[in-house]
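Hi there,

Here is the structure I promised to pass on to you. Have a look at it first, and my notes on what turned up follow below.

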Amino acid sequence: MLHRLHDRLGLRTTPSIFFVSAALIVVFTAAMGLFPGPVQGIFGSIAHVLRYRTGWFYTFSVTALVVFAVGLAVSRYGRVKIGDDDSQPTYSGLTWFGMLFAAGVGAVLMFWGVAEPITHYANPPMYGTEPESDRAAVEALNIANFHFGVHMWAILAVPGLAFGYFTYKRKLPPRVSSAFHPLLGDGIHGPWGKAIDILSIVATVFGLAVSVGLGALQINSGLTYVYGIPMAGWIQAAIIAVITAVGLASVLAGMEKGVKRLSYANIVLAVALLLFVLMAGASMDTMRAIVESVGGYAQQLPTLALFNDTYGGGTWSGDWTVFYWAWTVTWAPFVGMFVAKISRGRTIREFVVGVLGVPSAFVVVWMAIYGYNAIRIDRAPETRATLTETIVTQGNPEAALFQFLQTMPWFAVTAFVALIVITIFFITSIDSGALVMDAMANGHEDEGPRRQRIFWTLAVGAVCTAIIATSGENGLNALQEVIIVIGAPVMLLEVLQAVMLLQALRQDAGTARPMRTRQWKRVLPAEEYHRRAQEDGTAVSDYVIRPEYEVGTEPEHDTHQPRTWHWQREREGRPVYQLALTGGASSGKRTAARAFEELGAVVLDSAQMWQELLEPGSGTRAEVERIFGEQLPTAADTPAADVAVALDELMARNETARARAHELLMPEMRESARRRAREAGTDRVMVQVVRDPLEAEQRDRFDLVVAVEAPVEERVQRLRRTEGVAADVAWGLVDQAPSDGETRDVADRVIVNDRDVERVREQVREIWQDQIQPVLDHESTEEGHDHEGTVHQTGSR
C-alpha cells in the first residue's frame, strides 16, 4: 500500500522511512495544535526525569565522545581517509570551515554569546563562588566555552566520522543506520535499520525546529528593540514563515548555489560583527581576556567535563549542560552527515582537528569578545546590572544581544546586521538539514524530486510553529522540554556509533602496519537499484544492493572479517538469489514457478515441506497434536496430507491458530529450505512457492517477494477443474485464502495471471531480466577473477 501511494505521489525514496517519519511529525504537529496542554505536560514530565535524574548519563557520554575522537585522531587510524585511499578534499579550508560552522552552532552563539556569561556571572554554579565576583566572571567565560567548545563539537564530530566512513569508505547509503553495519549486517535495510533512520529524521526535524524557534524569539526581540515591533506569537510565526520560505528557495537551489553561498556570506558577516564589537569595546582588555580565556578553559575543562552539580541536586546541570547536550545531539544526524559530505577526502586526523579544534578556538575568541564585554558593561557604573536585570531577573535572554549592542555606536546598523546574520544562520540550518534528511530518506545522495525537499523544509517550520504558537510566554521552556525528550535515544545511538566505527576500522585496516583498508562497493537501497535497473540496465553496473567490499583489497593483517551477506552466503551455503512466490488459492503460483524453473531456477514448494514436517512420528507432528488437540485427526497412522488439510482449515477459520501454527512450523520450514539450498549450490537461484503471505514476511530469507494474482472467478473455475470440488466449496476456499491485498502488502512485484500462460511467462522473464540477471552477472564477474587478476570461466546457471 505504501509503495502504491509513494509511486502516485511521484516520490523516489524508501516508502516506509518517508511515510512513518512524516506521520510522526504530522501527529505531533496536530496534537500540539489540538491538545497543547496534555502534550506539553507529557513532555514536561519526561524531560524533568531526564534532566534531574539521569543528567549524569549525558555528562559522562559526551566526555567519553571527546576522549574517543581525540584518541582516534592520535592513533594510527588517524591516517585513514574519509573516502577512498586516493580521494582528495572537495572544498578548500576556508569554505569548509564556513559551511560546517554555519550548519553547526553559529546560530546558537548569536543567541547565547551574551546571555550565558551574564547568567553564570550573576548566578555562579561552582561551589563557593561569590556572585558578580572576579572569580565568577572568569568561571562564567570558562563555562560558556565548555558548553560551546570541544564537547559540543565532539557530539557533531563523532557521527560525522561514522557517516563519512560508512558512506564514503564502505559506500553504504547515507543513512544513520549504515553506521550500524558491523552490528546489523544486512539488517540495516530491515526493521531495525529503518527504525534508526526514522528516529534520526524525526530528531533532526525537532532539533532544527527548536533552533528556528529560538531564532524567531531572538529576531522578534531584536525587532522590538530596533523598530518597536511587539513580542507576539503571530509575529514569531511570521518570522518562522519567512525563514522557512527563504530556506526553501535555498534548498531548491542545491548545495553549491544555495547552502555554500549563504554559508560563506554569513560567516563573513558574523566575523565582521565580531570585529566591530572588539574594536568598539575595551580592545586591549578584550585581547587580554581572549588569551586568559584559553588558559582558564584548559585549566577548568577536566572539572567541568564531569561536573553534575551533585550538591545542588543536579538542578544547574539539568537546566544548562543536559539541555545543551540533548539539543546538540538532535542536530548530530544532520550536521554529522552534512559535515561528512563536505569533509570527503580528508583524513580522520584532519577531520578531528578541523571539526573539534578550529571551531572551538573560534568559540573561545567569540565568548571572550562578547562575554567579557557584556560583563564589563554590567559592571560599569552607568549601566550596572542592566544586562543581569534583563537576562536573569526578567528571564529574557533573547533580548540580550540587542541590549548589548545598544551600548555601542551605530546601534541601528549593528542591530540590523545582527538580525541578518541570525536569520541567515537559521536559513542555512534549514536548507542543509532538508538536503540531508532527503538523502537519509532516499538512501542515496543523487538529487531526488523537489517535492521531497520541500516537504522536509515545511516540516521543520510546521513543528516549530506548533510549539511556539501553543506555548505562549512559555515558548522557550516548551522548546527545551521537547528537545530533552527527543535527544535521549539519539544520545544512546551516538555512543553506539562510536563503537561501530572502531569495529569497522579494525575490520578494514587490520591491527598492524602497513595501513591498507578494504575498499567497498557503492550500495543503493533495493528500491532505487531496481528503479535504475529498469530505466537503464547499465546504470547499476557500479552498484550493489548488499554491502560488499572489493575482493583483493583486504588489509595485509586481516584480523576482523566483516559479516557481509556474501561472506555469510559462502559460509552457510546460501543461494545467490532467493525469491518467494505467494498468492491466493489457485492464483497460478506454480505456473509462475515453472516459468522460473525454465530459466534455470531451483523451485521449492512450501506445501510439500509443510506436509513433510507433519509426517507420522516426527517431533513437529507431536507438537502440533499437543497444541491443537481434538481439532486435528490424531491417529498415529493418519497421513500427513490429511493432517495438513485439517490444520489449513483450522488456520483459515481462526487468525490466532494461524499465527500459532506459523510460530511453531516456520523455524523448521526455514531450516528445511536452507538445507535444500545448500544441496542445490551457492550459484543457483532459489524460488520458493509459499503457502501463505505470513511466510513471505520472513524478509531476511528472500531477496524478492512476488505475488501472483488472478480474478476470483478464474480461481474458482481452476479449483473445480483441478480439485473436482463443488462450486460452493471452491468459493469457500477462495474466501478463506489470503486476499489480494494481503499478498500485495508483502510483495515487491505482482504477476497477473488472467488465463494467458504465455503472458505469465513474459512477466517472469521481465522480473528475471530486471532484478535477477544483474545479480547473476555481477556474481559471475566476481567469481571470474581471483586475487591475482586471472580470469576464469564460470559455469552457466
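Let me start with Arg-761, which is partly exposed at a relative accessible area of 29%. Please keep in mind throughout that this is a predicted model.

Salt bridges

The side chain of Arg-761 meets that of Glu-758 in a salt bridge, with 3.5 Å from N to O. Both residues belong to helix 31 (residues 757-783), and since they are three residues apart there, about one helical turn separates them. In general, an α-helix has 3.6 residues a turn, so residues three or four places apart point the same way. Glu-758 is partly exposed too, its relative accessibility being 35%. Elsewhere, Arg-12, Glu-528, Arg-531 and Arg-532 are joined into one network by salt bridges that share partners.

How many salt bridges does a search of the whole structure find? The count is 22. Two others may interest you:

- Arg-518 and Asp-508 form a salt bridge through their side chains, at 3.5 Å from N to O. Asp-508 sits in helix 19 (475-509) and Arg-518 in the loop between that helix and strand 1 (522-523), so this pair ties together parts ten residues apart in sequence. Both of these residues are buried.
- Asp-605 and Arg-590 form another salt bridge, in which the closest N and O atoms are 3.0 Å apart. This pair links distant parts of the chain, as Asp-605 is in strand 4 (residues 602-605) and Arg-590 in helix 22 (residues 589-598), 15 residues apart. Arg-590 counts as partly exposed, with 38% relative accessibility.

The sheet

Strand 4 and helix 22 also come up in the next part. There is an open sheet of five strands, ordered 4-5-3-6-7, and the pairing is parallel. Which strands stand at the edges? They are strand 4 and strand 7 (749-752); each has a single partner strand, so one side of each is left without a neighbour in the sheet. From one strand to the next, the twist averages 25 degrees.

Strands of a sheet pair through backbone hydrogen bonds, either parallel or antiparallel. Here, strand 6 (residues 704-709) and strand 7 run parallel and are joined by four bridges. If you would like one pair to click on, Ala-707 has Val-750 in strand 7 as its bridge partner.

Two helices are worth viewing together with the sheet. Helix 22 lies across strand 3 (577-583), strand 4, strand 5 (685-689), strand 6 and strand 7, and it runs at about 155 degrees to strand 3. Helix 23 (residues 606-613) packs on the sheet as well, where it touches strand 4 and strand 5, and its direction makes about 50 degrees with that of strand 4.

Helices 10 and 11

I also checked the length of helix 10 (residues 191-227). At 1.5 Å a residue, its 37 residues should span 54 Å, and the end C-alpha atoms are 52 Å apart, which agrees. Is helix 10 largely enclosed or left open by the rest of the structure? Of its 37 residues, 28 are buried, so helix 10 is largely enclosed. Just after helix 10 comes Gly-228, which takes a positive phi of about 75 degrees.

Finally, a note on Ala-241, which lies in helix 11 (residues 233-280). Ala-241 is partly exposed, its relative accessible area being 45%. Its C-alpha atom is separated by 9.0 Å from that of Ala-462, although the two residues are 221 residues apart along the chain.

Enjoy exploring, and do write back with any thoughts.

Best wishes

Conventions: Residues are numbered from 1 along each chain as its sequence is written. This is a predicted model: local features need pLDDT of at least 70, side-chain atom pairs count only at pLDDT 80 or more; totals for chains, interfaces and linings use all residues. Side-chain values use heavy atoms; hydrogens and water are left out. A salt bridge is a side-chain nitrogen of Lys or Arg within 4 Å of a carboxyl oxygen of Asp or Glu. Buried means under 20% relative accessible area, exposed over 50%, partly exposed in between (1.4 Å probe, protein chains only). Two strands pair if DSSP finds at least two bridges between them. Axes are lines fitted to C-alpha atoms, for helices over the stretch in contact, and angles run from 0 to 180 degrees between N-to-C directions. Contact means heavy atoms within 4.5 Å. The expected span of a helix is 1.5 Å times one less than its number of residues.
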